[in-house]
Amino acid sequence: MLELPKAHLPRRGLLRIAGAAALLTLAAGTPATARSPAPPQKYTVVMANMSFGKLPSGVKVGDTITWVNRDTVAHTATARDRSFDVRVQQGQSVSMVVKKAGNIAFFCIYHPAMRGTLAVAAQ
Ligand SMILES: [Cu+2]
């Protein structure tokens, strides 16, 4: 119909269109999460009935884990690589900041049958 052949469009107009498309592409390609890292999260692991309760997933270096001991004896959460070693008296809780990434096996030094593996992602 009234469509102009490309050769008839002014050069400047074409450049402007290309520029706008580039800006839109940039805006779409930059999610909010890329600008700032996620804030540290807090998790809880319960020690009860002589075992560790459900372990959190999605833990990252810098997050905090609070170990809550609901038993009537003391427990520890001791990493086999010693990247953490938390002693928790009966009825108490102790918080720690996760320092190291990896699948970190841990146990209770008083009750070695109590054990688990904490999956920690880098920051
Ligand atoms: Cu124990």
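Ala, Val, Leu, Ile, Met, Phe, Trp, Tyr, Cys and Pro count here as nonpolar, Asp, Glu, Lys and Arg as charged, and the others, Gly among them, as polar. The structure on display is a predicted model, in which local features need pLDDT of at least 70 and side-chain atom pairs count only at pLDDT 80 or more, while totals for chains, interfaces and linings use all residues. Residues are numbered from 1 along each chain as its sequence is written, and side-chain values use heavy atoms, with hydrogens and water left out.

**First stop: the sheet.** Select strands 2, 1, 4 and 7 (strands are DSSP E runs of at least two residues, numbered from the N terminus). These four strands form an open sheet in the order 2-1-4-7, with mixed pairing (two strands pair if DSSP finds at least two bridges between them). At its edges lie strand 2 (51–52) and strand 7 (93–97), each pairing on one side only. Now select residues 42–48 and 64–69: these are strand 1 and strand 4, which run parallel and are joined by six bridges. M47 has N69 in strand 4 as its bridge partner.

**Second stop: T76.** Select T76, which lies in strand 5 (residues 75–79). T76 counts as buried because its relative accessibility is 0% (buried means under 20% relative accessible area, with a 1.4 Å probe and protein chains only). Next, show T78: its side chain and that of T76 are joined by a polar contact of 2.8 Å (a pair of N or O atoms within 3.5 Å; within protein, one must be able to donate a hydrogen and the other to accept it, and residues adjacent in sequence count only if both atoms are side-chain atoms).

Definitions and conventions:
Buried means under 20% relative accessible area, exposed over 50%, partly exposed in between (1.4 Å probe, protein chains only).
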